[in-house]
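Trainee: I have not met this structure before, and I would like to understand the terms used for it. Could we look at it together?

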Amino acid sequence: MTLTLYDMKDSPHARKVRLLAAELGVPLELVPCDPRAGETREPDFLAMNPNGRVPTLVDGDFVLWESLAILKYLAAKQPERGLGGSNARESALIDQWLFWWAGGGEAAMDGPGLGALHQAQGPAAGRQRPCHHRRCICPAWPLPSRA
Ligand SMILES: N[C@@H](CCC(=O)N[C@@H](CS)C(=O)NCC(=O)O)C(=O)O
């Protein structure tokens, strides 16, 4: 069955899902969904992912968001490929690096360095806010405000 990925081309989070799917030979139906245009704030989208973010994966009646969870899911669907680890230690080491990235690397982007980057973008930056409160390495976008 083809999986559906609510996707944005220049999202690093969506890109890693596309990359793993390609590696695994999993066909994805890509549905472009642009937060900059407010498309992740539409009621239908929020019903799938209350965080209002891409990537969001739909596999039949199963919806999954958070890119690292999606990576684990794709890997788990093809255990023969061993990308989810073939024993408890391998799986734990994979989780170690995924959690490191989510809690360390990605969160580290959420600091003064990225704030300075946004400020350096000039006067227009004052009218923008970084993608979901600086938790993403996406450029600052003129996102619609959260209600
Ligand atoms: N932790 C999430 C982050 C996803 C995320 O931040 N996606 C961005 C695009 S790169 C987004 O949809 N931002 C919309 C918003 O913040 O409103 C993941 O790994 O999936």
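Trainee: Which residue in β3 does Tyr6 stand opposite?

Mentor: Tyr6 stands opposite Thr56 in β3, and in β2 the bridge partner of Tyr6 is Val31. This is a predicted model, in which local features need pLDDT of at least 70 and side-chain atom pairs count only at pLDDT 80 or more, while totals for chains, interfaces and linings use all residues. Residues are numbered from 1 along each chain as its sequence is written.

Trainee: What makes β1 and β3 a pair?

Mentor: Two strands (DSSP runs of E, at least two residues) pair if DSSP finds at least two bridges between them. Three bridges join β1 (residues 3-7) to β3 (residues 56-59), so the pair qualifies, and the two run antiparallel. Five bridges join β1 to β2 (residues 28-32), and these strands run parallel.

Trainee: Why is the crossover from β1 through α1 to β2 called right-handed?

Mentor: The name applies because, with the strands pointing away from the viewer, the path from the first strand over the helix to the second runs clockwise; the chain crosses here from β1 through α1 (residues 12-24) to β2 in that right-handed sense.

Trainee: How do you know that the buried residues of α1 line one face?

Mentor: The buried residues of α1 (each with 20 or more other C-beta atoms within 10 Å of its own) are His13, Ala14 and Val17. Seen down the axis of α1, they fall within an arc of 95° (taken from the directions from the axis to the C-beta atoms), so they line one face of the helix. On the other side, Pro12, Leu19 and Ala22 are exposed, a term that requires 12 or fewer such atoms.

Methods: Helices (H or I, at least four residues) and strands (E, at least two) are DSSP runs, numbered from the N terminus.
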